[in-house]
Protein chains: 2
Amino acid sequence: MSRRITDLFHISYPIVQAGMVWCSGWRLAAAVSNAGGLGIIGAGSMYPEVLWDHIRKAKLATDKPFAVNVPLLYADTERVMHILKEEEVKIVFTSAGNPSLWTGFMKDSGMVVVHVVANTKFARKAEECGADAVVAEGFEAGGHNGREETTTLCLVPMVADAVKIPVIAAGGIASGRAMMAAMALGADAVQIGSAFAVAEESSAHPAFKNRIISAAEGDTKLRMQKLVPVRLLKNSFEEMVAQAEAEGADAAKLSVLLGRARAKLGMFEGNMEDGELEIGQVSAMLNAIRPAAVILEDIWQGFLQAQQRIGGFHY
Amino acid sequence: MSRRITDLFHISYPIVQAGMVWCSGWRLAAAVSNAGGLGIIGAGSMYPEVLWDHIRKAKLATDKPFAVNVPLLYADTERVMHILKEEEVKIVFTSAGNPSLWTGFMKDSGMVVVHVVANTKFARKAEECGADAVVAEGFEAGGHNGREETTTLCLVPMVADAVKIPVIAAGGIASGRAMMAAMALGADAVQIGSAFAVAEESSAHPAFKNRIISAAEGDTKLRMQKLVPVRLLKNSFEEMVAQAEAEGADAAKLSVLLGRARAKLGMFEGNMEDGELEIGQVSAMLNAIRPAAVILEDIWQGFLQAQQRIGGFHY
């Protein structure tokens with residue numbers, strides 16, 4: 001049971017790096033894959049030609065399996081899908097959209113397909129469409145998020161009961177303890193975003209990485225529920241959104257406030273006040289910028305320690 | 001380490017029933033204590049004389065340890081504290097307030113004191129005031145809730161790292177899997193509300209219990225953040241609040257909407273549309289009304305199964 005994800009992806013550890021806008025290019029993906037996890041190139045912040053370049057570079061940087069994450073809410077999805085096929089990408093994670101749209105095409109092209117969900121309805125739908133696994137992502141996760149606001153602790157057991165395919169838990173996991181918690185809930189593996197966003201190989205701006213590792217409890221909030229829910233770090237932009245929402249701003253008003261390219265401005269260009277800074281609640285527990293391999297090894301050792309500690313509970 | 005709470009309370013299982021308004025009178029508390037957990041009388045919905053009566057009845061119904069939960073946001077706290085002292089209540093859980101107010105009095109009166117927190121700041125404060133343990137309660141919990149919106153998965157490890165006293169995890173826990181997850185995160189015990197709200201011995205109205213066991217994902221939402229954050233089940237009242245909040249209602253407006261005695265109207269008197277129905281996200285996983293002893297035993301067996309399963313993970 002617990003080898004289902006490592007067997008599916010042909011990786012050493014049941015640890016998957018999350019595809020994150022402006023953080024996860026070929027360098028991070030290759031570093032995680034080389035360390036024995038599954039690295040993911042996040043296509044959400046890439047034009048198709050840029051993604052193509054990252055896939056080619058990842059192939060040169062690792063001979064281990066890696067994946068591409070495709071958020072289905074952007075344009076260019078068709079072009080992206082044909083690039084994935086042409087480059088023979090073996091594993092694709094889709095998110096933020098309907099799994100019925102592209103799962104058939106990807107399966108016909110020989111890809112292993114994983115779909116990210118925030119509720120059991122879409123988990124079942126992904127399974128019915130032929131997805132090989134699902135990511136169950138909770139409320140505490142960074143970036144775009146589910147409308148139900150179901151936390152990882154509540155979501156993972158429900159999804160694990162709802163589908164037969166393997167389940168990867170995401171949201172709030174940045175340590176071996178939390179990884180063990182997710183596995184206890186019924187997950188076959190974990191997906192980790194925030195902890196890898198601050199990896200040395202992450203393409204996030206250094207100012208963003210430093211802001212993440214200095215974040216405290218309560219420094220992220222889920223915002224823009226009337227548009228698309230997204231978890232943001234507090235800064236001038238987030239405060240502007242919070243103020244507008246408290247006054248009853250509608251989707252159109254929020255869309256104007258958001259404008260264009262705010263995530264790039266913050267996460268990639270380093271404008272810590274006006275940029276949109278997407279990160280998980282677990283940022284409050286992160287405090288160092290380290291190589292991805294060290295982060296992964298640290299989580300893995302913590303997982304083994306938690307296993308020993310738990311095995312020793314006798315009543 | 002993992003025996004710290006069972007030793008502190010002199011109970012058989014590290015399972016504590018949550019003090020809940022309109023659900024947890026002497027019958028539920030005695031049933032949970034008789035089954036080997038820690039039962040709690042929830043004083044939040046009781047006039048002092050009513051609480052006194054419940055304490056006396058609990059003493060007749062069990063010779064095992066039980067506790068009283070006192071939310072510090074209500075009036076009458078001084079009167080309640082003197083009743084607890086006069087009746088020689090041995091364990092008191094305080095919540096929704098500042099631990100520095102009453103912990104000294106309770107410790108001087110020989111009570112074991114536990115304070116409920118939603119962040120590390122108040123966990124440290126409780127420890128400094130002399131509390132014997134803290135409950136770390138996450139965003140997914142029912143009823144009144146923290147402003148930081150930190151989930152149980154993120155909160156428990158932070159609190160466990162922040163204090164030396166034992167930590168009881170609360171929010172999202174209604175199964176042995178979730179209990180094991182909480183223990184993996186560093187908790188010494190769990191506190192369980194929603195699952196016991198639907199116990200046969202719970203004083204909740206049958207209509208409320210039936211509504212809880214039919215609740216689906218996304219059927220609870222955290223509301224009234226501008227007043228006091230509270231997790232509510234969807235109904236006409238919750239929709240009225242949601243609508244008002246979407247339009248920018250302030251604390252004064254929300255206070256008028258809430259009015260008086262809405263929790264009693266819903267949870268105790270069974271008005272499922274106009275009442276305030278406080279319950280946790282995990283209600284989506286509950287589907288039966290059973291005796292408290294059966295609920296506790298089921299969680300415990302699930303915990304032992306999870307322990308075996310986790311012990312079998314080999315990579």
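Start in chain B of this predicted model by selecting residues 133-137 and 167-170, which are strand 6 and strand 8. The two strands run parallel and are joined by four bridges. Within this pair, pick B:Ala136; opposite this residue, in strand 8, stands B:Ala169.

Next, widen the selection to the whole sheet. Strands 6 and 8 belong to an open sheet of eight strands in chain B, with parallel pairing. Reading across, the order is 1-9-8-6-5-4-3-2. To find the edges, select 15-17 for strand 1 and 39-42 for strand 2; each of these strands of chain B pairs on one side only. Looking across the sheet, expect a twist that averages 25° from one strand to the next.

Now add helix 2 of chain B, residues 26-34, which packs on the sheet. Helix 2 touches strand 1, strand 2 and strand 3, the last at 66-71. Against the direction of strand 2, the direction of helix 2 makes about 165°.

Leave the sheet and display chain A together with chain B. Here 43 residues of chain B are in contact with 42 residues of chain A. On the chain B side, select helix 7 (152-162), helix 8 (176-184) and helix 14 (292-311), the elements that give two or more residues to the side touching chain A. Which helix of chain B gives the most to that side? Helix 8 does, with six residues.

Finally, colour the side of chain B that touches chain A by residue class: 20 residues are nonpolar, 15 are polar and eight are charged.

Key. Residues numbered from 1 in each chain as written. Chains lettered and ligands numbered in written order. Predicted model: local features only at pLDDT ≥ 70, side-chain atom pairs only at ≥ 80, totals over all residues. Pairing = 2+ DSSP bridges. Axes fitted to C-alpha atoms, helices over the stretch in contact; angles between N-to-C directions. Contact = placed C-beta atoms within 7 Å. Nonpolar A, V, L, I, M, F, W, Y, C, P; charged D, E, K, R; others polar.
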